[in-house]
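Work through the exercises below with the sequence and the structure at hand. Try each task before reading its solution.

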Amino acid sequence: MMKKLSKLLVFLLTLVLIGSSPGISPIQAAAENAANETQKEKELETVSKTADTIVLKAGKNYEYARKVTDDKQNASWKWAEKKQYDAQKETVSFTGLKADTEYTFTRRTVGDTDEKYLKSTIIRTEKVPDNKNDTNTDTSTDTSNIGTDTLPPGDAKDNDSNITPTFDTQNNDSQTTPTDDSSNKDSYDTPSDNAQNNSTQTTDSITTPPKEAPPSTDEPDPETPPESPREAPAIPALQSCTDTTVLLTTQPNQEYALVQQEDSANWKWQSSGSFENLTPGTSYEFVTRFCKSETQEASPASEKLKVTTKFSAAKAPQSPQAAEKGETFLVLQKQENVLYGISEDGKNWTWTENPRFGNLKSGTAYQFAARQKFNADTDMESEISGSSVLKTYVAFNGYIDGITAGATYDRGTNLTATAVGTGMDNPNPSAGDSRWIPRNWNWDGKTNRTWSDAPYSVTFVLNKAGNYELTVGFDLEEYTENGWKAVGQSKSSAIEFKAVVPVYTITSSADKNGRISPEGSIEIQEGENAEFTFLPNKNYRVAKVLVDGKSVSVKNNKYTMKNVKADHTITVSFERTDKAAAPKTADNTHAGLYMALFAASCGILLLLAVIYTKRQK
């Protein structure tokens, strides 16, 4: 009985000690294990790692990134490119890393752009292998054990009561050997320089954090395979080529060489893609490779790019000269195997094989040049000749001043006409300028006269009535070093008008004692005669006829105006045939006197009558 009580007492004391110890109670351990299981679901799995590469397991519908820091210490995520993923192996690779350096990685669902709450994992690259150390190290890592409690081998028993927990109240140094992924730490978007704070665990853990294993001092294993070399890059791309230079498109971390012999050991590598001082029309071969780094040798050379330099530029031909020109075109003298260029500013050239240039502006200077024909794929552009400045002729716009086209003039009018040609108003001509100068004129196709110098005018009289046409001929001249010179082109300008006989008006009138015929306003052409007839009333006769206020002689009661050349007036007065009964029509002096005496007599008689009446009263 006492033996059983002793065993029971020992068991109870053991439970009390376990409950009061600084270690983890079974309940706490279960809770932490559950948390660790949740944590393991969110951690990234490392497939392999070297001194400059970390390969992660890539889940479907996820994309992965590495945290980078710029010059201003601003951190951001650099997401892996498509070429970093291996769909068959379901991995994503991050290369070009530094040895023995911690890097922070994360992942997110494809299409999710929110980077605020990303779970991150810190992974350290391997150290650069030392010749004195064993380089045959398995770099694969199982991240399922990161951050979890571990037990020494052989301590796991089926009977939980026989588990003997370990306690370390002096320090946190672990007695166990660290795993290859002991550098993998789990953080919540924490910078890598703070990752070391996560490596220290509390004394409540069943196992204290492991120490980093000291470097091995054993001699290297001669059977350890060397680091896999990089594959050769793609064939270099040609950016441009001349007769003496070749320019390749450069890529980061690559160098380039001109293949001058088969032995690659003698190739001269350079970071620039520019190769100069080459021979025109010669074939060359170029290669590229990845540069040597601290952790890797240079990659093998790429396939060869064959480039043939262009042939040198052909010498310039003679400057072009004009063979023919007009107001809107220019024709150059033809040269063999030559291209002709035209420019208005001497900078922008249009080249053609045709020496004729049309649709040009009249009176405008153009620059022309020539160069040998060339193949743009195999030849350099040939040298351009000196430019020649050539001008088109001014457009013809000759006219006649002083006469209105279609106008009507009176016969006998004096007219002065002046001919004006295009370009005549150029007081300071230069070589190549042109003008149209009047040279001759003809009147109605009969009279032909010429001018030798200014003024180019003519005066004439319209002697006859009818239609007229005045035509002026113009010659085209070009200014040369010897002055104006005719170029053999002529044009003419004509103007039409007409002359008519003048029409004059004669106004006729008569007093009440007769009539004049015709009476009123009569129109009559210049030079014609106008006859008037006087018709007195009964017992009357013509007393006087006035033309323009002057008395004229009348015969048989008629008067004729001959060769009328102006407007006139004619008036006639009549008198009674009985001279005693009436005064002469042509003299009104006595009639007035008689009327005055008659009026005076009536006045006297009226006065006497008034006096007589007053006396009777």
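## Exercises on a predicted model

The chain has an accessible surface of about 39,600 Å², and carbon and sulfur atoms make up 48% of that surface. The model is predicted.

**Exercise 1. Describe the chain as a whole: how many helices and strands are there, and what percentage of the residues counts as buried?**

Step 1. Begin with the secondary structure: the chain contains three helices and 39 strands.
Step 2. Turn to burial: 29% of the 617 residues count as buried.
Step 3. Look at the contacts with a separation of 6 or more: 65% of them are between residues 24 or more positions apart.

**Exercise 2. Find the largest nonpolar core and say which element gives the largest share of it.**

Step 1. The largest nonpolar core holds 26 residues, and I403, W443, F460, L462, L470 and F497 have the most contacts inside it.
Step 2. Two or more residues each come from β26 (414-420), β27 (434-443), β29 (457-461), β30 (466-480) and β31 (483-500).
Step 3. The largest share, five residues, is that of β30.
Step 4. A second core, separate from this one, has 15 residues, among them I506, A530, V547 and M561.

**Exercise 3. Describe the second largest pocket: what is its volume, and which residues lie nearest its centre?**

Step 1. The volume of the second largest pocket is about 1,700 Å³.
Step 2. Its lining has 40 residues, and T53, F94, T95, G96 and R230 lie nearest the centre.
Step 3. β1 (46-49), β4 (75-79) and β6 (91-94) are the elements that give two or more residues to this lining.
Step 4. The largest share, three residues, comes from β6.
Step 5. Sorted by class, the lining has eleven nonpolar, 16 polar and 13 charged residues.

**Exercise 4. Is S385 buried or exposed?**

Step 1. Locate S385 in the loop between β22 (365-372) and β23 (388-391).
Step 2. The relative accessibility of S385 is 8%, and the cut-off for buried is under 20%, so S385 counts as buried.
Step 3. Leaving aside neighbours within four places in sequence, S385 is in contact with A316, P317, Q318, S319, P320, A369 and A370.

**Exercise 5. Place T577 in the chain and classify its exposure.**

Step 1. T577 is in the loop between β39 (568-576) and α3 (589-616).
Step 2. Its relative accessible area is 45%, which lies between the 20% and 50% cut-offs, so T577 is partly exposed.
Step 3. Apart from neighbours within four places in sequence, T577 is in contact with N539, Y540 and R541.
Step 4. A543 is 34 residues from T577 along the chain, and their C-alpha atoms are separated by 9.9 Å.

**Exercise 6. Find two cis peptide bonds and two positive phi values in the backbone.**

Step 1. Recall the usual case: most peptide bonds are trans, and most residues other than glycine have a negative phi.
Step 2. A454 and P455 are joined by a cis peptide bond with omega of about 0°, and P455 is in the loop between β28 (447-450) and β29.
Step 3. S517 and P518 are also joined by a cis peptide bond, with omega of about -5°; P518 is in the loop between β33 (514-517) and β34 (520-525).
Step 4. N253, in the loop between β11 (246-249) and β12 (254-258), has a positive phi near 60°.
Step 5. N563, in the loop between β38 (558-561) and β39, has a positive phi of about 50°.

Methods: Residues numbered from 1 in each chain as written. Predicted model: local features only at pLDDT ≥ 70, side-chain atom pairs only at ≥ 80, totals over all residues. Heavy atoms only, no water. 1 Å grid on protein atoms, 1.4 Å probe; cavity = no way out; pocket = protein on both sides within 12 Å on 5 of 7 lines; lining within 4 Å. Points joined across faces, edges and corners; volume = space filled by probe spheres on them. Helix = DSSP H or I, 4+ residues; strand = E, 2+ residues; numbered from the N terminus. Nonpolar A, V, L, I, M, F, W, Y, C, P; charged D, E, K, R; others polar. Buried < 20%, exposed > 50% of the residue type's maximum accessible area, 1.4 Å probe, protein only. Contact = heavy atoms within 4.5 Å. Areas by Shrake-Rupley, 256 points an atom, 1.4 Å probe, with all protein chains shown as cover. Core = buried A, V, L, I, M, F, W, Y, C linked by side-chain atoms within 4.5 Å.
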